[in-house]
Every structure is written in C-alpha cells, then in structure tokens.
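Work through the following exercises with the sequence and the model side by side, and try each task before reading its solution.

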Amino acid sequence: MPSAGLCSCWGGRVLPLLLAYVCYLLLGATIFQLLERQAEAQSRDQFQLEKLRFLENYTCLDQWAMEQFVQVIMEAWVKGVNPKGNSTNPSNWDFGSSFFFAGTVVTTIGYGNLAPSTEAGQVFCVFYALLGIPLNVIFLNHLGTGLRAHLATIERWEDRPRRSQVLQVLGLALFLTLGTLVILIFPPMIFSHVEGWSFSEGFYFAFITLSTIGFGDYVVGTDPSKHYISVYRSLAAIWILLGLAWLALILPLGPLLLHRCCQLWLLSLRQGCGAKAAPGRRPRRGSTAARGVQVTPQDFPISKKGLGS
C-alpha cells in the first residue's frame, strides 16, 4: 500500500537524516553559545562604559540626547552609510560598488551591509534577483555539466596503462592545487594587505563569501580611511564569480580524485604481492617433478586396440 511504503521510507531514510540534521544544529548552537556569548557580554559592557565616560566628559549632554545620536548612527549604518569619517567618504553606489552589489544579489551572498533604501530600488532588486539568481544557477550548472562530460572519458581509465593513470591523477591534483592557490590563498593575502586584516580574517572572508553565507562582518572596500582604486570592488565581484565557478568545477572532481588514488594504491599493493609470490613458487610435494622422477612415453604403453576402442 502507498501508506506502508511512505512509512518505510520515512522510517528508513528521512527520520535518521532528520535526527542527524537536528543534532548537528543543536551541536552548532551549543558550541557557538559557548564561544561567543561571553565576548558579546564584554562588548556590551564596554559600550555602556564608553557611553558613561562620554557623558561625564561632556556634561552638556544628557542620556536622552545621547540615545538619539546613537539612533541616528544606527539608521545611517543600516542604509549603508559608514559613520566614520566625513562627507568626503567614497559613495557606496558608484559603478564599482554597484557592480559588487549586483554580484552579491545574483549569487545570493547578501552581506547585509548595503541594501537599496529607495522604493524604486527595492522593487528593481526583487525583479533583478528573480531573473539573476536562476541565470547564475544555470551558468554554474553548465560549467559542472561541461566538466562531467570531460570526466566521462576519465571514467574508463582502467583500460589504460598504469603510467597514464598516474599522470592523470597527478594532473588532477595539480589542477586542484593551482585552483586552491588562485581562488582561496592568493585573494585572502591581497585582501589582508589592502584592508589591514590578518590572513585568518582574509581567509574567513573568502570562505564566508564563496560559500554564499555572507554575514557582512567583513566586506572589502568599506573602510573610509583607506584609498581604494576605482575598480577594487569590481575586481572583488569578478573574483566571487570565478570562485563560485571554480567550486562548481571542483565539487565533482574531489571525490573522483580520491577514488582514483585509492584504486592506484590497491593496484600497487596487488602488483607488489604478485611480484613477491612469483619467484618463490615451487611444485607440489607429491608431484613427480618434486621427487626427481623422469617420466617418458615408454612408461605408459598404449595398445592399438585401446586406441581403436
């Protein structure tokens, strides 16, 4: 019955996955709470202390005026205006920054530090995302399909010589290494140098960006005290697109490379065992060759009658 099949599917596959999923979320929530809650409390206390010190130094202000000023700062930050610096800060909506924002929309990264504030911009963003997100998915899927079509010839590598198999695995490993350097190592180094971050912060930004998580705590080109080149954020947007394309290529390639390495390792073990067993092979103990007896055709005469029967 359909209900019986649905229950068996739920109990055999969906329920264990659901339990594992919920347990993983609970584990993450517990660890994040242990790691971050105390730091949040310290930051909150430090902020309140700084406000009290500010009021003590400027007695002409009261608590209400202070809270109103903080509210203005928060509203400016939500609209993408950096409260640091002055009115000469670079615009968040020049062409380079707008190109960077468009890339974060179609890739669903959504840092959250910048968003349209006008009604027309919000409406356009909705329709732009409705068309841009499927276009981005189709583009990445086509790249993955092209790679899988190329890897279809690699699937039949068992018929090739062992040297060709080794060269193929080395080529795949070299591709993975170069791609990792170009996408995940060199860009964080550049971002760290330009933005004044540590390498771990730059790598964190790169991973959060390319995984499309996009917290928005680290975003390139937003420090008003730094003078960026005009195409800096545009280059960052191009890096995001290339990085996502590289991930679309690399996801089916990593498991394949591990599978090929395991196959080569097992093949080497088998050949090594066969090479050790071949020289030491001796005849059976009960055979005539083992006893040194020479056998000739005359020892087994066959009569003509026996041949004709």
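The model is a predicted one, and it holds three salt bridges, which the exercises take in turn.

**Exercise 1.** Find the salt-bridge partner of Glu40, and state where the two residues lie.

*Solution.* Begin with the distance: the closest N and O atoms of Glu40 and Arg44 are 3.2 Å apart, and the two residues form a salt bridge. Next, place the pair in the fold: both residues belong to helix α1, which covers residues 2-57, and they are four residues apart, about one turn of the helix. Finally, turn to accessibility, where Glu40 counts as partly exposed because its value of 45% falls between the limits of 20% and 50%, and Arg44, at 44%, also counts as partly exposed.

**Exercise 2.** Describe the salt bridge between Arg53 and Glu50, and classify each side chain as buried, partly exposed or exposed.

*Solution.* The side chains meet at 3.5 Å, N to O. Arg53 and Glu50 are both in helix α1, three residues apart, which is again about one turn of the helix. With relative accessible areas of 43% for Arg53 and 37% for Glu50, each residue is partly exposed.

**Exercise 3.** Determine which parts of the chain are tied together by the salt bridge of Glu67 and Lys51.

*Solution.* The closest N and O atoms of this pair are 2.8 Å apart. Glu67 lies in helix α2 (residues 63-78) and Lys51 in helix α1, so the salt bridge ties together parts that are 16 residues apart in sequence. As for accessibility, Glu67 is partly exposed at 33%, whereas Lys51 is buried because its relative accessible area of 8% is under 20%.

Key
Residues numbered from 1 in each chain as written. Predicted model: local features only at pLDDT ≥ 70, side-chain atom pairs only at ≥ 80, totals over all residues. Heavy atoms only, no water. Salt bridge = Lys/Arg side-chain N within 4 Å of Asp/Glu carboxyl O. Buried < 20%, exposed > 50% of the residue type's maximum accessible area, 1.4 Å probe, protein only.
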